[in-house]
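Visitor: Could you take me through one part of this model up close? I'd like to look at the salt bridges.

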Amino acid sequence: ASSTSPRFLSSSRKTRVRCATAKMLAPLLSLLLCSFATAARSRDDNFEAITCGSLLTLVHSSTSYMLHSHPIAWGSGSGQQSITTSGSDRDQDNLWLVREASGKEACRVGEPIPCGGTVRLQHMKTGKNLHSHNYRAPLSGNQEVTGFGDETGEGDDGDDWRVLCGSNKSGYWRRSKDVRLKHDLTGRYLTSSASVAFNDQNCRNCPIVGQMEVSAASASSAGTNTNHMWYADQGVFFPPHEDAAVNDEL
């Protein structure tokens, strides 16, 4: 395959690559993914770096639930599109496109995302961007996280998240490696917890029962808190383009 061909891969945390998972994508993309899936290994050095244009699932490290959205608005706060985590790994509502920061020139497909770099994560199905702002989340009282933007995915600087890699010494965001996502505008960290699950008591007869709240937490609680950790798992990953030097040290 050429250096710009995408590949469907699963991270080392989930070693089974299932062609059925690809069926959650659009039919044409699903066909492409299935053709790669049977030959893909759970780890492939050429596809370790997360790159611009990649489509991925983002897993919450401490609960194993996936970052999720859907065309359902919050009933409080801003009333914008809700963001949760979901335990289903065969749901197209878990897929996010890695893009350049708001207002920046379009990034080059295959450009590795550096540790400390700023990205937008655009929800594949609805086109909304992962967003935060100074409203209160419904359960935790932390800063609300929503889906925001117009039909083309254009929003504002509240859509920008800085990738903090922690112990990863490669210099780039890597598949299966824990990262924190710091909201660039407010300095808060993307977080979730099993203690903020939607249930029949706090969300009677609502469509997100069984899912967990996603919010942005203050920096004071972000140090070693595993609730702020996420890792990129399954998806369609574009390898680094030929002139991108990626350190292979893990």
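Which residue does Glu100 form a salt bridge with, and how far apart are the closest N and O atoms?

Guide: Sure, with a caveat up front: this is a predicted model, where local features need pLDDT of at least 70, side-chain atom pairs count only at pLDDT 80 or more, and totals for chains, interfaces and linings use all residues. Residues are numbered from 1 along each chain as its sequence is written, and side-chain values use heavy atoms, with hydrogens and water left out.

Glu100 pairs with Arg120 in a salt bridge (a side-chain nitrogen of Lys or Arg within 4 Å of a carboxyl oxygen of Asp or Glu), and their closest N and O atoms sit 2.8 Å apart. That pair ties together distant parts of the chain, 20 residues apart: Glu100 belongs to strand S5 (residues 96-100) and Arg120 to strand S6 (residues 118-123). Strands here are DSSP runs of E, at least two residues, numbered from the N terminus. Both Glu100 and Arg120 are buried, meaning under 20% relative accessible area, with exposed over 50% and partly exposed in between (1.4 Å probe, protein chains only).

Glu100 also forms a salt bridge with Arg99, where the closest N and O atoms are 3.3 Å apart, and Arg99 is buried too.

For another pair, look at Asp184 and Arg162, with closest N and O atoms 3.0 Å apart. Asp184 lies in the loop between strand S10 (180-183) and strand S11 (189-197), while Arg162 is in strand S9 (residues 161-164), 22 residues apart. Asp184 counts as partly exposed because its relative accessibility is 36%; Arg162, at 29%, is partly exposed as well.

Back to Glu100: shared salt-bridge partners join Arg99, Glu100, Arg120 and Glu154 into one network. Across the whole structure, the search finds seven salt bridges.

Conventions
Helix = DSSP H or I, 4+ residues; strand = E, 2+ residues; numbered from the N terminus.
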